[in-house]
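Let's take a walk through this structure by following its charged side chains. Have a look at the sequence and the model first, and then we'll go pair by pair.

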Amino acid sequence: MKKIYFDYAATTPVDEQVLKAMLPYFDKIFANTSSIHYFGAKADQALQTSRKKIAALLQVEAEDIIFTGSATESNNLAIKGFAFANKNKGNHILVSSVEHDCVLGSANWLKTQGFKVDYIPVEKDGTVKVDFIKKNIRKETILVSVIHANNEIGTIQPIRQIGQICLKRNITFHTDAVQSFGKIPVDIKQNNIDMLTASSHKMYGPKGAALLYIKKGINLTPILHGGGHEKGLRSSTVNVAAIVGFAKACELCFGQMSTEARRLINLRDILIKGILKNIPDSHLNGNPEKRLPNNINVRFDAIEGEGLVMLLDEKGIACSTGSACSSASLLPSHVLLACGIDAGHAHGSLRISLGRWTRKEEVDYLLKVLPGIILKLRKISPFGKKYV
């Protein structure tokens, strides 16, 4: 049976060009970047070249980018590191209620350390309520963190508006751009972004590499201590091969961003229209227009999402119910709950995410098999009597 991958939001395959760029750094240029001999200097040269390449794409200074091992690490460093480095200025933080778990987890942990956290509510489509930010900034507020585009429902947030508010109030603004980076433009300077997180494995690069952009003048307390790598902010032996791959992946994504976005939007909209038209009592989650080019998140009355994912897998189709990092949990999505969707309906949601190798015939196949699977699940559901 042919296998079809519709879970690009969870992770992406490594592009062949990325893999080719990485290979020499496993056995030819393999040394520790901290070593002062010839081999170490060659490895460090690759590290700094990668940093410069990504900085140029973002139109920032190379020294403002540090590399980490994951987006979770970058977000933890941004949230916790900033809070502890600036606790003399205030102890209040604002984060959106639809953040990735690593941001919410960091904020929740800070509450145990004496910090105060307010969670920015969202509209039904997952868009943050900007007025809430304006009204809840106080003199103790030091940080606002709002995800650029949601990892589950794809809603793109008004970060330029939020950045302007933070700039006027002299508050640091962090955005988790993991899902949007390389898919849609993000202008760090125009959006007044002080810190930004991005990850390699969401954009056809390897796992084990991520970045945190830190604007000059922003002070962070490191959460890893050791050899003082990455300007003392991220001690660990540098994963040169992964970072080289990350830089190549960025180069490819930024180079074809507009054309790939148009292609994916076309496939995305075919799927959304086909599902809503052909499956009764199906609903789109997230903003219908201000959403990622590759994201479709739909919910179906009287079904259970885990069962849907398993039956699709039997047909050779890989999808998810939400964030891959939380897939082992049976709890309803905190993102959908924040959007005002009750727990029962939230459990009936499906995330379909497209990518570089998604083709029209794969979309057509999903639209062909999905209605029958939904009907099958509704027939065995205690809530599906009207569909029998």
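Two residues are said to be in contact when heavy atoms of theirs lie within 4.5 Å. Keep that in mind, and remember too that what you're looking at is a predicted model.

Let's begin with a charged residue that goes without a partner. Arg-299 sits in strand E10, which covers residues 295-300. Which residues does Arg-299 touch, leaving aside its neighbours within four places in sequence? The contacts are Asp-281, Ser-282, His-283, Leu-284, Asn-285, Ile-341, His-345, Gly-348 and Ser-349. With Asn-285 there is also a polar contact, side chain to side chain, at 2.5 Å. Arg-299 is buried, but it has no salt bridge. Why not? A salt bridge needs a side-chain nitrogen of Lys or Arg within 4 Å of a carboxyl oxygen of Asp or Glu, and the nearest side chain of opposite charge, Asp-301, is 5.4 Å away from Arg-299.

Other charged side chains do find partners. In general, side chains of opposite charge can pair when their charged atoms come close. How many salt bridges does the structure hold? The count is 15.

One of them brings together Asp-7 and Arg-351, with N and O 3.4 Å apart. This pair ties up distant parts of the chain, as its two residues are 344 apart: Asp-7 belongs to the loop between strand E1 (4-5) and helix H1 (16-22), while Arg-351 is in strand E12 (residues 349-353). Are these two buried or exposed? Asp-7 has a relative accessible area of 12%, so it counts as buried. Arg-351 is buried as well, at 1% relative accessibility.

Now go further along that loop between E1 and H1, where you'll find Asp-15. Its salt-bridge partner is Arg-356, and the closest N and O atoms are 2.7 Å apart. Arg-356 lies in the loop between E12 and helix H13 (360-380), so here too distant parts of the chain are linked, this time 341 residues apart. Both Asp-15 and Arg-356 are buried.

For a salt bridge between sequence numbers that follow each other, turn to Arg-268 and Asp-269, whose side chains meet at 2.9 Å, N to O. Arg-268 is buried, with a relative accessible area of 5%, whereas Asp-269 is partly exposed at 26%. Salt bridges can also share partners, and that is how Glu-63, Asp-64 and Lys-216 are joined into one network.

Methods: Residues are numbered from 1 along each chain as its sequence is written. This is a predicted model: local features need pLDDT of at least 70, side-chain atom pairs count only at pLDDT 80 or more; totals for chains, interfaces and linings use all residues. Side-chain values use heavy atoms; hydrogens and water are left out. Helices (H or I, at least four residues) and strands (E, at least two) are DSSP runs, numbered from the N terminus. Buried means under 20% relative accessible area, exposed over 50%, partly exposed in between (1.4 Å probe, protein chains only). Lys and Arg count as positive and Asp and Glu as negative; His and the chain ends are not counted. A polar contact is a pair of N or O atoms within 3.5 Å; within protein, one must be able to donate a hydrogen and the other to accept it, and residues adjacent in sequence count only if both atoms are side-chain atoms.
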